[in-house]
Amino acid sequence: NYMDIISKQKNIKLKRLSKSIFLYVITYIVIYFIAQFILNSQGLVYLQWFQYASYALIGLGVMAGTFQWIMTGYKTDHYRIKVGVLLLVIEVVVALGIIIVFYTFNNRESIVTKNGVTMVEEKPNFSFTNWTNYYDYQNILVRKNIVRIHEEYGQSSREHTSIDYYDENGNLIKSVN
């Protein structure tokens, strides 16, 4: 009888855990960063759109998990509502702050055709320098992490002051001024 009660309690905990949004968010985070480590060891990085989508998914998952935790974890409605609103407001404010920082300080990426080759173009979002880097495009999720072409521009952003070409190992091949 006692063993049946313990077994039933374990089954209830396992069912609750399998329905936990936090479990799935943590699993996604672990898989994402292990894959990122493997990609980096192969000279690849995620494209920005995939990074941003992953961060958004993680953020929304944390917010949904917090809401789920609050709804199932507290006994009184009054306390649950106060804590829930406070946590969700804090999470939203932090998420908005992170979005502003990412948008302000990260470079922009786009997929372009350069010299007849599909490449990933990287430009500064807000910067006092005018430059563009080009990387080898691999697929819809990843690109190489070695700059293949680096362009510097003058004040007008239309005139090149220099263009550097690199091989697949990052060694300078040719520099045009």
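Strands E2 and E3 form a hairpin with 2 residues between them, and in the turn of this hairpin Asn-115 has a positive phi of about 55°. The model in which this hairpin appears is a predicted one, and that should be kept in mind throughout. Along the hairpin, E2 and strand E3, which covers residues 117-123, pair in the antiparallel sense over 7 bridges. Lys-114 stands opposite Val-117 in E3, and Lys-114 itself is found in strand E2. The pairing continues on the other side of the turn's second strand, for E3 and E4 pair in the antiparallel sense over 4 bridges. Within that second pairing, Glu-121 has Tyr-134 in E4 as its bridge partner.

Lys-114 is a good residue to follow further. Leaving out residues up to four places away in sequence, Lys-114 touches Met-119, Tyr-134, Ile-149 and Glu-151. One of these, Tyr-134, lies 20 residues away along the chain, and the C-alpha atoms of Lys-114 and Tyr-134 are separated by 8.4 Å. Is Lys-114 buried or exposed? With a relative accessible area of 19%, Lys-114 is buried, because the limit for that word is under 20%.

The contact with Glu-151 leads to the charged side chains. Side chains of opposite charge can pair when their charged atoms come close. How many salt bridges does the structure hold? There are 3 salt bridges in the structure.

Lys-114 and Glu-151 form one such salt bridge, with their closest N and O atoms 2.6 Å apart. This pair links distant parts of the chain, since Lys-114 belongs to strand E2 and Glu-151 to strand E5, 37 residues apart. Glu-151 is buried, its relative accessible area being 2%.

Another salt bridge joins Arg-143 to Glu-109, and here the closest N and O atoms are 2.9 Å apart. Arg-143 lies in strand E5, which spans residues 142-153, while Glu-109 lies in strand E2, which spans residues 108-114, so this pair ties together parts that are 34 residues apart in sequence. The two partners can be described separately in terms of accessibility: Arg-143 counts as buried at 8% relative accessibility, whereas Glu-109, with a relative accessible area of 21%, is partly exposed.

The side chains of Arg-148 and Asp-136 also meet in a salt bridge, at 2.7 Å from N to O. Here the link runs between Arg-148 in strand E5 and Asp-136 in strand E4, the latter covering residues 131-137, and the two residues are 12 residues apart. Both Arg-148 and Asp-136 are buried.

From charged side chains we can turn to nonpolar ones. Which residues make up the largest nonpolar core? This core has 6 residues, namely Tyr-32, Leu-39, Leu-44, Tyr-46, Phe-50 and Val-142. Helix H2, residues 21-41, and strand E1, residues 44-46, each supply at least two residues of the core. Phe-50, a member of this core, is in contact with Tyr-28, Tyr-32 and Leu-141 when its neighbours within four places in sequence are left aside.

Nonpolar side chains also occur at the surface, where Ile-26, Val-30, Ile-34, Phe-37 and Ile-38 make a nonpolar patch of about 510 Å². Phe-37 has its place in helix H2, and with a relative accessible area of 61% Phe-37 is exposed.

Another helix, H3, covers residues 48-73 and includes Ala-64. Ala-64 is partly exposed, its relative accessible area being 32%. Although Ala-64 and Ile-21 are 43 residues apart in sequence, their C-alpha atoms are 7.0 Å apart in space.

The chain can finally be viewed as a whole. It contains 4 helices and 7 strands, and from the N terminus on these elements run in the order α-α-β-α-α-β-β-β-β-β-β. Of the 177 residues in the protein chain, 27% are buried. Among contacts between residues at least 6 apart in sequence, 33% join residues that are at least 24 apart. The accessible surface of the protein chain comes to about 12,600 Å², and 64% of this surface belongs to carbon and sulfur atoms.

Key. Residues are numbered from 1 along each chain as its sequence is written. This is a predicted model: local features need pLDDT of at least 70, side-chain atom pairs count only at pLDDT 80 or more; totals for chains, interfaces and linings use all residues. Side-chain values use heavy atoms; hydrogens and water are left out. A salt bridge is a side-chain nitrogen of Lys or Arg within 4 Å of a carboxyl oxygen of Asp or Glu. Buried means under 20% relative accessible area, exposed over 50%, partly exposed in between (1.4 Å probe, protein chains only). A nonpolar core is a set of buried Ala, Val, Leu, Ile, Met, Phe, Trp, Tyr and Cys residues joined through side-chain atoms within 4.5 Å. Contact means heavy atoms within 4.5 Å. Patches are made of residues with over 30% relative accessible area and no salt bridge: like charges are joined within 9 Å, nonpolar side chains (Val, Leu, Ile, Met, Phe, Trp, Tyr) within 5 Å. Accessible areas come from the Shrake-Rupley method with a 1.4 Å probe; for residues, only the protein chains shown count as cover. Two strands pair if DSSP finds at least two bridges between them.
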